[in-house]
Amino acid sequence: MTPFIAEILGTMVMILLGNGVVANVNLKGTNGNSSGWIVITSAWAFAVFVGVTIAGPVSGAHLNPVVTLGLALIGKFSWDLVPTYILAEMIGAMLGAFLVWLSHKDHFAATEDEGAKLSCFSTGPAIKNNFSNLLSEAIATFVLIFSIFYIAGPSLQIADSNATIGLGTIGALPVAIVVWAIGLSLGGTTGYAINPARDLGPRIMHAILPIKGSSNWGYAWIPIVGPIIGASLAAALYLTLN
């Protein structure tokens, strides 16, 4: 396991479970059909938890290009590693989206609604307004990245012992809770991409895979630019305060 592979695997599983719940809720004939927003936001939070648990010990579990960017901006991550991490996150997101399609193939075929099928890959606005949609993604991402800057792992070591006081894998829980809160509070406007790879990678797969319907490329820049703006503002505020 290397950081590159860890980022691929962590992001892949996160997208598999995160977009998987959207497929379970939105596609025709699944047992979870029409189970609603609470199910989606909860499972997405748990998806983040699982992804962070897998990748955390090796790569730090960025799983998101703007986490990588934000940490580099505040001097807590090497700029030399940024391209490698972003590439791994994109690969992982595309693989995760492919697995969602593979595991729900019959349900994609049974679903006539092209928008419902696209939602299993990428985000979209509840009310289309480019400025408002961009602002929503920037604000939600700001909350995510600013919170991550202040989430500290276990570091207290017992005197005269090699044991470390900490939560182990449960240490991934704070990030999952932040994502859950964002989804419940802010996610209803745009589907809270808050992660360019999470949206772009699966959107590419939607365009490649044999699925009927538009991939809505006209909107695709918003889940990329909005999170970059939000992460940059979070970094600027963090540097100002610290």
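**Notes on helix 9 and its surroundings**

1. A good place to begin is the N-terminal end of helix 9, which is capped by asparagine 195: a side-chain oxygen of this residue lies 3.0 Å from the backbone nitrogen of alanine 197. Please keep in mind while reading that this is a predicted model.

2. Helix 9 itself covers residues 196-208. Its length is what one would hope for: at 1.5 Å a residue, 13 residues should span 18 Å, and the end C-alpha atoms are indeed 18 Å apart.

3. Which residues of helix 9 are buried? They are Pro196, Ala197, Arg198, Asp199, Gly201, Pro202, Arg203, Met205 and His206. These buried residues have plenty of partners, as they pack against helix 1, helix 2, helix 3 (65-73), helix 4 (82-103), helix 6 and helix 10 (222-241).

4. Now for the charged pairs. The structure holds two salt bridges, and one of them sits within helix 9, where the side chains of aspartate 199 and arginine 203 meet at 2.7 Å, N to O. The two residues are four apart in the helix, so about one helical turn separates them. Are these partners buried or exposed? Aspartate 199 is buried, and arginine 203 is buried as well.

5. The side chains of lysine 28 and glutamate 112 form another salt bridge, with an N to O distance of 3.6 Å. This pair links distant parts of the chain, 84 residues apart: lysine 28 belongs to the loop between helix 1 (3-26) and helix 2 (37-59), while glutamate 112 belongs to the loop between helix 5 (105-110) and helix 6 (114-119). Lysine 28 has a relative accessible area of 45%, so it counts as partly exposed. Glutamate 112 has a relative accessible area of 60%, which means that it is exposed.

6. Helix 10 deserves a look too, as one of the elements that the buried residues of helix 9 pack against. Helix 10 has 20 residues and reaches 28 Å from its first C-alpha to its last, close to the 28 Å expected at 1.5 Å a residue. Its buried residues are Ile222, Pro223, Gly226, Pro227, Gly230, Ala231, Ala234, Ala235 and Tyr238. They pack against helix 3, helix 7 and helix 9.

7. On helix 7 (residues 130-150), I would point you to asparagine 133. Its relative accessible area is 3%, so asparagine 133 is buried. What does its side chain reach at 3.2 Å? The partner is the backbone oxygen of isoleucine 127. Leaving aside residues up to four places away in sequence, asparagine 133 touches Pro125, Ile127, Lys128, Thr190, Tyr219 and Ile222. Of these contacts, Ile222 is also among the buried residues of helix 10. Another pair to inspect is asparagine 133 and glycine 226, which are 93 residues apart in sequence but 8.2 Å apart in space, C-alpha to C-alpha.

8. Finally, the surface. Met1, Ile5, Leu9, Ile54 and Val58 form a nonpolar patch there, with about 390 Å² of accessible area together. Helix 1 and helix 2 each supply at least two residues of this patch. One member, isoleucine 5, is found in helix 1. With a relative accessible area of 38%, isoleucine 5 is partly exposed; the cut-off for joining such a patch is over 30%, for residues with no salt bridge.

How values were computed
Residues numbered from 1 in each chain as written. Predicted model: local features only at pLDDT ≥ 70, side-chain atom pairs only at ≥ 80, totals over all residues. Heavy atoms only, no water. Salt bridge = Lys/Arg side-chain N within 4 Å of Asp/Glu carboxyl O. Buried < 20%, exposed > 50% of the residue type's maximum accessible area, 1.4 Å probe, protein only. Expected span 1.5 Å × (residues − 1). Contact = heavy atoms within 4.5 Å. Polar contact = N/O pair within 3.5 Å; in protein donor to acceptor, adjacent residues only side chain to side chain. Patch = residues over 30% accessible without salt bridge, like charges linked within 9 Å, V, L, I, M, F, W, Y side chains within 5 Å. Areas by Shrake-Rupley, 256 points an atom, 1.4 Å probe, with all protein chains shown as cover.
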